[in-house]
Amino acid sequence: IHGLTYDGCNFFRQRLVLSTLSGKRVKISNIRSKEDNPGLRDFEASFIRLLDKVTNGSRIEINQTGSVLFYQPGLLQGGSVEHDCNTQRSIGYYLEALLMLAPFMKTSLKATLRGVTNDPIDPTVDVLKSTALPLMKKFGIDGEGFDLKVVKRGMAPGGGGEVVFTCPVRRTIRPVQLMDPGKIKRIRGVAYSVRVSPQMANRIVESARGVLNQFIPDIYIYTDHMKGANSGKSPGFGLTLVAETLNGFFLSAEMSSTPQGQGDPMLPEDLGRNCAKLLLEEVHRGGCVDSSNQSLALLLMTLGQQDVSKVLLGPLSPYTIEFLRHIRDFFQIMFKVEVRKPLEDERKGGDKVLMTCVGVGYSNINKSLK
């Protein structure tokens, strides 16, 4: 099979994940080749090692400076995997890719990941637990062993957190029609604090409620204060908010405090207020999937059985748009994209996009039929 070639370090994970699923080789050149410190960063190398652990027979070649990567995917193996994630990025960075791969392993995956659980750049483990997992259930990926547990929290920059992700394997993915999100019925959240006064979490909750109580009465924000060995190596606090709609869809927003020693500290009050506003913005964007999980939804639609899948999304993020291009490259699937304007009298927020495709009928070749 001739492979695909790309340039540059952007969308690195997308390319490797899709390469692994489609079985097509990929060559990425000019990875930061013009910079003083060229080549792959430590967190990307760590990501490649994680891929190597969950696959069997992958071939990975990297040139001297690390600016050219050749990847020939092996078979998805699964099983029990432990990985120390590089602390430059949070566990969410690694987990997002694992969520996409896990259902197609040969044996059920049990992944123990260590590192930073919450940082301001990547989706935190909390948000993935409360939005990505329910989304995957809509596609028929569920069952006893489908879970994501935060054993220890670890804030940036020190990390020290630990997460256990378990996922059963699926032979096929079912097509979905997710068209009507419905109104927001309740808001749930977690305010967490580690190595700071537990009062911080309460202050976050107060200020977030101050904003959200104007819209909806059913709000419950848990406070999670981890102590001792479970609190990682760095101090910090943050908030994850999830709005649930009548039809069982989840829209989320989150904020973490500025990592110690990196810029101005943030007041818990401001963090709570800003996070609440971010959630309202996400609700305004709307759709059945929030912006951080768009590409996961589109991937599962692509891999569905050979039938029509439809999902209503809010405005597509730049990351998602690039993901669509990659899906076209790796799976030759094009989506039909229709922009839906909200009606005058309906207060339904911003423009929506209805994405339609016919799945490739991807079946898990690794899973032997019992």
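Which residues does the UniProt annotation "domain: RNA 3'-terminal phosphate cyclase insert" cover? In this unreviewed entry, the annotation spans residues 180-283. The structure examined here is a predicted model. Within the insert span, 29% is helix and 35% is strand. The C-alpha atoms at the two ends of residues 180-283 lie 14 Å apart. A second annotation from the unreviewed UniProt entry, "domain: RNA 3'-terminal phosphate cyclase", covers residues 5-337. For residues 5-337, the end C-alpha atoms are 26 Å apart. That span is 31% helix and 28% strand.

Serine 193 was examined next. It sits in strand S12, residues 184-194. Serine 193 has 0% relative accessibility and counts as buried, because the cut-off for buried is under 20%. Leaving aside residues up to four places away in sequence, serine 193 touches Pro198, Met200, Ala201, Asp224, His225, Met226, Gly236 and Phe237. Valine 283 lies 90 residues from serine 193 along the chain. The C-alpha atoms of this pair are separated by 26 Å.

Two helices were examined for burial. In helix H3, residues 91-101, 11 of the 11 residues are buried, so H3 is largely enclosed by the rest of the structure. The buried residues of H3 include the aromatic pair Tyr93 and Tyr94. Glu96 is also buried in H3, as are Gly92 and Met100. Further buried positions of H3 are Ile91, Leu95, Ala97, Leu98, Leu99 and Leu101. Helix H1 gives a related result. Of its 11 residues, 10 are buried, so H1 is largely enclosed by the rest of the structure. Among the buried residues of H1 are Arg13, Gln14 and Arg15. Phe12, Leu16, Val17, Leu18 and Leu21 are buried in H1 too. Ser19 and Thr20 complete the buried set of H1.

Helix packing was then considered. Two packed helices are described by the angle between their axes and the distance between the axes. Helix H7 (residues 294-302) and helix H8 (residues 318-331) have axes that come within 9 Å and cross at roughly 20°. Angles under 35 degrees count as roughly parallel, and H7 and H8 are therefore roughly parallel to each other. Their crossing is right-handed. On the H7 side, the contact is made by Gln294, Ser295, Leu298, Leu299 and Thr302. On the H8 side, it is made by Tyr319, Thr320, Phe323, Leu324, Ile327 and Phe331.

H7 also packs with helix H4, residues 125-138. The angle is about 15°, and the axes are 10 Å apart. H4 and H7 are therefore roughly parallel to each other. H4 passes H7 in a right-handed crossing. Ala132, Leu135 and Met136 of H4 make the contact with Leu296, Ala297 and Leu300 of H7.

Backbone geometry was inspected for exceptions. Most residues other than glycine have a negative phi, and most peptide bonds are trans. Phenylalanine 11 has a positive phi, near 55°. This residue lies in the loop between strand S1 (4-7) and helix H1 (12-22). Phenylalanine 11 is partly exposed, with a relative accessible area of 24%. Asparagine 30 also has a positive phi, near 50°. Its place is the loop between strand S2 (26-29) and helix H2 (42-54). At 40% relative accessibility, asparagine 30 counts as partly exposed. Just after H1, glycine 23 takes a positive phi of about 75°. A cis peptide bond joins alanine 156 and proline 157, with omega about -5°. Proline 157 is found in the loop between strand S9 (147-152) and strand S10 (161-167).

The cysteines were examined last. A disulfide is a covalent bond between the sulfur atoms of two cysteines. The cut-off applied to the sulfur pair is within 2.5 Å. By this rule, the count is zero disulfides. For cysteine 9, the closest cysteine sulfur is in cysteine 85, 19 Å away, which is too far for a bond. Cysteine 9 is partly exposed, with a relative accessible area of 22%. Cysteine 275, at 0% relative accessibility, counts as buried.

Terms used
Residues numbered from 1 in each chain as written. Predicted model: local features only at pLDDT ≥ 70, side-chain atom pairs only at ≥ 80, totals over all residues. Heavy atoms only, no water. UniProt positions renumbered as here; feature names shortened; annotations may be inferred. Helix = DSSP H or I, 4+ residues; strand = E, 2+ residues; numbered from the N terminus. Buried < 20%, exposed > 50% of the residue type's maximum accessible area, 1.4 Å probe, protein only. Axes fitted to C-alpha atoms, helices over the stretch in contact; angles between N-to-C directions. Parallel < 35°, antiparallel > 145°, perpendicular 65-115°, else oblique. Left-handed = near helix turned anticlockwise from the far one by under 90°. Contact = heavy atoms within 4.5 Å.
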